[in-house]
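Biologist: Got a minute to go through this one with me? Let's pull up the structure first.

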Amino acid sequence: MRWSRYYLYTTREVPADAEVVSHRLMVRAGMIRKEAAGIYSYLPFGWRSLRKLSAIVRREMDAAGAVELHMPVVHDADLWRESGRWQAYGRELLRVKDRHERDFCLGPTHEEVVTDIVRRDVRSYRQLPTNLYQIQVKFRDEIRPRFGLMRGREFIMKDAYSFDVDDAGLDAAYEAMDLAYQRIFTACKLEFSRVEADTGAIGGSSSHEFMVLAETGESEVVSCRECGYGANVERAETRPLAAPEPEEPAERREVHTPDCATVAEVAELLGVGPERVVKTLLYETTAGPVAALVRGDREINEIKLANHLEVPEVTLAGEALVRSLSGADVGFAGPVGLPDSVRLIADDSVRGLTNFVCGANKTDAHLTGVNLERDVDLAEFTDLLLVTGGDACPRCGNELGLSRGIEVGHIFKLGAKYSEAMSCNYTDEEGRERPMEMGCYGLGIGRTVAAAIEQNHDDKGIIWPLPLAPFTVLVLPLTNRDESVVGAAEGVYQDLVARGVDVLLDDRDERPGVKFNDADLIGVPVRVVIGSKSLADGNVEISLRRDGEKELVPVEGAVERAAELAAG
């Protein structure tokens with residue numbers, strides 16, 4: 001492809017709303033253009049990268065036995081009502097009406113549609129298992145779209161859905177998809193981690209995320225180098241925390257703690273460690289008000305709390321609700337004397353504490369010498385802990401490391417969640433009707449390309465992994481005024497095209513500095529620079545964008561060397 005005839009326009013301007021590297025570089029490199037909040041056009045240079053990723057995905061999905069189809073973006077509301085998600089999915093579901101005032105939505109995911117397809121065609125166990133996938137546009141009406149393709153409203157996803165006769169079949173399908181995802185991200189030459197994850201709004205019994213590791217990642221991941229355990233912090237577990245030494249129960253006392261609303265302030269004032277302070281956090285939920293207790297040196301994992309309560313989400317109570325429930329300002333709530341209408345739940349780490357400090361449900365006051373069995377009617381304990389680096393691995397006990405990652409894939413065991421709700425049944429060998437066991441498997445196409453940039457860039461621009469690069473070789477003549485340079489560049493370009501190499505010829509009439517800056521920005525992996533001086537000696541200069549090291553290669557060997565580097 002000749003740059004002068006290609007639709008590729010770079011810019012030095014940084015978009016005002018760009019908060020992450022990939023958003024900034026994808027706009028500057030002419031890959032995407034914003035049309036509305038969270039909605040982008042994929043320009044030709046960006047679309048080439050997405051197509052290359054899609055080809056890798058299709059290759060591995062087909063090899064794993066999945067069959068491609070294409071489902072609509074617009075979904076009939078009746079299907080979502082049947083599954084129970086028309087209201088449960090929340091405001092991210094963009095609901096619309098047609099001219100006949102019938103309800104539809106823009107699909108954020110396709111469980112309902114694919115289940116409807118399969119239940120119409122598959123009747124017998126002899127037709128199972130089956131696995132259908134697509135690469136399709138999705139729409140989720142995010143309240144705050146940000147980070148470019150990382151958290152857009154309209155995006156491209158590969159989603160697959162498996163249907164099996166029993167749990168063993170689902171396990172086999174899940175493992176096949178798990179391995180396919182590992183092959184996909186390995187083929188993309190990305191550093192990634194597979195971690196246990198929360199099932200979220202999709203539901204189901206088990207799930208794993210695939211995270212591209214990057215310092216700019218929006219998710220935190222804990223992992224164990226010894227045994228391979230990994231989980232995002234929403235799902236992560238640890239071994240029981242070491243409890244402070246037990247003490248003989250002391251007298252419970254109320255102490256004046258003016259302007260001490262944080263654990264650190266209270267602990268310093270009273271001369272105790274934060275592990276002997278218990279935080280009481282009040283939450284609003286659809287199940288009513290909840291007070292969650294955790295040791296003062298740790299944090300509540302709100303995903304675990306919501307899952308325990310079996311509610312979609314929990315929200316910290318505002319100042320007015322805190323005062324009405326506890327009688328005190330924020331920071332002074334405690335478990336002793338809260339109204340019966342407030343459900344008390346404590347993290348397991350609180351269970352064995354003696355003589356701890358907590359809020360007194362009075363502004364500027366705390367209680368000391370509190371003991372659960374004597375002072376609080378509390379019988380509900382569970383794991384609410386937000387795990388972090390340095391905690392003990394739940395499997396082997398070694399120290400967990402903390403890193404950041406970008407979720408690019410998520411696989412779920414759905415079980416019979418949708419098949420039961422939507423009567424997606426099959427007849428078994430004995431003639432009995434049973435619900436199919438389902439799995440679903442999502443992979444963000446645009447998100448993976450953006451994550452690749454987050455992981456591979458420098459202060460000059462993108463450094464493409466070879467498999468995802470829109471072009472693998474850039475031929476860069478330093479001048480258009482030297483016929484020998486132009487002729488040599490044309491010859492190298494034509495020979496690389498003949499070899500099937502994805503090559504871009506920068507034939508623009510621009511200064512060398514402009515061409516070099518653009519070359520660094522767009523990040524084509526292999527660069528062939530042809531200048532008058534080196535050509536006079538019979539050489540061209542070849543370098544890799546990743547390390548910038550240059551080698552002089554005879555003109556007659558340039559094509560061979562560039563093709564070799566482009567092949568990896």
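Modeller: Sure, and keep in mind that this is a predicted model. A place to start is the pairing of S13 with strand S19 (residues 365-370): 4 bridges join the two, and they run antiparallel.

Biologist: Which residue stands opposite Ala365 in S19?

Modeller: That's His256.

Biologist: OK, and what's the strand order in the open sheet?

Modeller: The order is S13-S19-S18, so to speak of 3 strands in an open sheet, with antiparallel pairing. Strand S13 (253-256) and strand S18 (356-359) are at the edges with a single partner strand each, so one side of each has no neighbour in the sheet.

Biologist: By how much are neighbouring strands turned against each other there?

Modeller: On average by 30°, with direction ignored.

Biologist: Switching to helices. At what angle do H13 and H16 pack?

Modeller: About 45°, and their axes are 10 Å apart. Helix H13 covers residues 483-498 and helix H16 covers residues 555-566. The two are therefore oblique to each other.

Biologist: Is that crossing left-handed or right-handed?

Modeller: The crossing of H13 and H16 is right-handed.

Biologist: Which residues meet there?

Modeller: From H13 you have Val492, Asp495 and Leu496, and they meet Ala558, Val559, Ala562 and Ala563 in H16. By type, the residues of that contact are 6 nonpolar and 1 charged, with no polar ones.

Biologist: Now H1 and H12. How do their axes cross?

Modeller: At roughly 105°, coming within 8 Å; helix H1 is residues 21-28 and helix H12 is residues 445-455. That angle makes H1 roughly perpendicular to H12.

Biologist: And what does H1 meet in H12?

Modeller: Val449, Ala450, Ile453 and Glu454 in H12, with Val21, Ser22, Leu25 and Met26 on the H1 side. The residues of this contact divide into 6 nonpolar, 1 polar and 1 charged.

Biologist: Let's zoom out. What does the domain assignment give?

Modeller: Domain 1 takes 11-190 + 415-453, domain 2 is 253-382, and domain 3 is 471-566.

Biologist: What separates the centres of domain 1 and domain 3?

Modeller: 40 Å, taken over C-alpha atoms.

Biologist: And how many residues does each put into the contact?

Modeller: The contact takes 7 residues from domain 1 and 5 residues from domain 3.

Biologist: Great, that's what I was after. Thanks!

Note on methods. Residues numbered from 1 in each chain as written. Predicted model: local features only at pLDDT ≥ 70, side-chain atom pairs only at ≥ 80, totals over all residues. Heavy atoms only, no water. Axes fitted to C-alpha atoms, helices over the stretch in contact; angles between N-to-C directions. Parallel < 35°, antiparallel > 145°, perpendicular 65-115°, else oblique. Left-handed = near helix turned anticlockwise from the far one by under 90°. Contact = heavy atoms within 4.5 Å. Nonpolar A, V, L, I, M, F, W, Y, C, P; charged D, E, K, R; others polar. Pairing = 2+ DSSP bridges. Domains from an automatic or database assignment.
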